[in-house]
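Trainee: I am new to this protein, and I would like to go through its disulfides with you.

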Amino acid sequence: MRKACRYMVLVALTVVGLPAVASAATVTGVKAEVKPIPGFPETGDFLGAGAEVEIEGKLEGNELPGGLPLQTRRLVVYFPAGTKIDPTGFPTCTAAKLEIAGPEGCPKKSRIADGTVGVADQIGQGEATRETGALEVYAAPGDGVVAYANAAAPISAQIVIPAHWETAPAPYGPKLTFEIPLVDSVPGALPVSGTELHIVAGAAIRKGGKTYYYGRIPAKCPKGGFPGKGEVTLEGGQNIITEIKVPCPKRSLAKHHK
């Protein structure tokens, strides 16, 4: 249930919609901590290694009634060149299985991230109704992933979000695109808005005497740090682009074991 690396802080920044251009939306409380994957000693903040990252942040805006931000409709995350994404060895789950049976329909070892997501909606008069739901992400067939967010009450919202990997031009490598549907809560209310994210992302499994990592940090880091980029498209078409640089790890995986 783990994966990631230091540069994956960009996931937190982009998923919650950190604006790089003028926007009514703002982000607060963004935090990211990189740690070794428990039970896998050759992981951590080292060049070429797998790692676990814990990310959290909040999205605030007042474009909608109740002081809520616009709904996020698309998220594209760009990882640095040299990032290794390899689903070999991992079982998979599909959007269809999640829609029919929820997470219980997926193999346990197909889960590559989990956490919580905040959702909100204006139901009736007064302040917006806010809720925290569960978030799980699974490896999917065809080198894709699929996310499942479940807010049960008082806002009943279950969201299945497929995503696919592609290769972006340099200085980036893999990019992951999520197409996020509008989700209604109760009749007469607007679709729900995402407001918070807390996620632990990472994956490593042992199978047939071999260890598999879903993703690895690049073996080399360019001067100035790893480049990352996120694109968030909001309802109505506004596109928010965020570019970041994440500091290089101080050691490589080989030096870590000397």
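The conversation below takes up the disulfides one by one.

Mentor: Please keep in mind that this is a predicted model, in which local features need pLDDT of at least 70 and side-chain atom pairs count only at pLDDT 80 or more, while totals for chains, interfaces and linings use all residues. Residues are numbered from 1 along each chain as its sequence is written, and side-chain values use heavy atoms, with hydrogens and water left out.

Trainee: How many disulfides does a search of the whole structure find?

Mentor: A disulfide is taken here as a pair of cysteine sulfur atoms within 2.5 Å. One such pair is C93 and C106, with S to S 1.8 Å, and another is C221 and C248, with S to S 1.9 Å. The search of the whole structure gives a total of 2 disulfides.

Trainee: Is the disulfide of C93 and C106 left-handed or right-handed?

Mentor: The handedness follows from the torsion about the S-S bond. For C93 and C106 that torsion is about -55°, so the disulfide is left-handed.

Trainee: Is C106 buried or exposed?

Mentor: Buried means under 20% relative accessible area, exposed means over 50%, and partly exposed lies in between, using a 1.4 Å probe and protein chains only. Because its relative accessible area is 9%, C106 counts as buried.

Trainee: Which class of accessibility does C248 fall into?

Mentor: Its partner C221 has a relative accessible area of 22% and is partly exposed. C248 has a relative accessibility of 27%, and therefore this cysteine counts as partly exposed.
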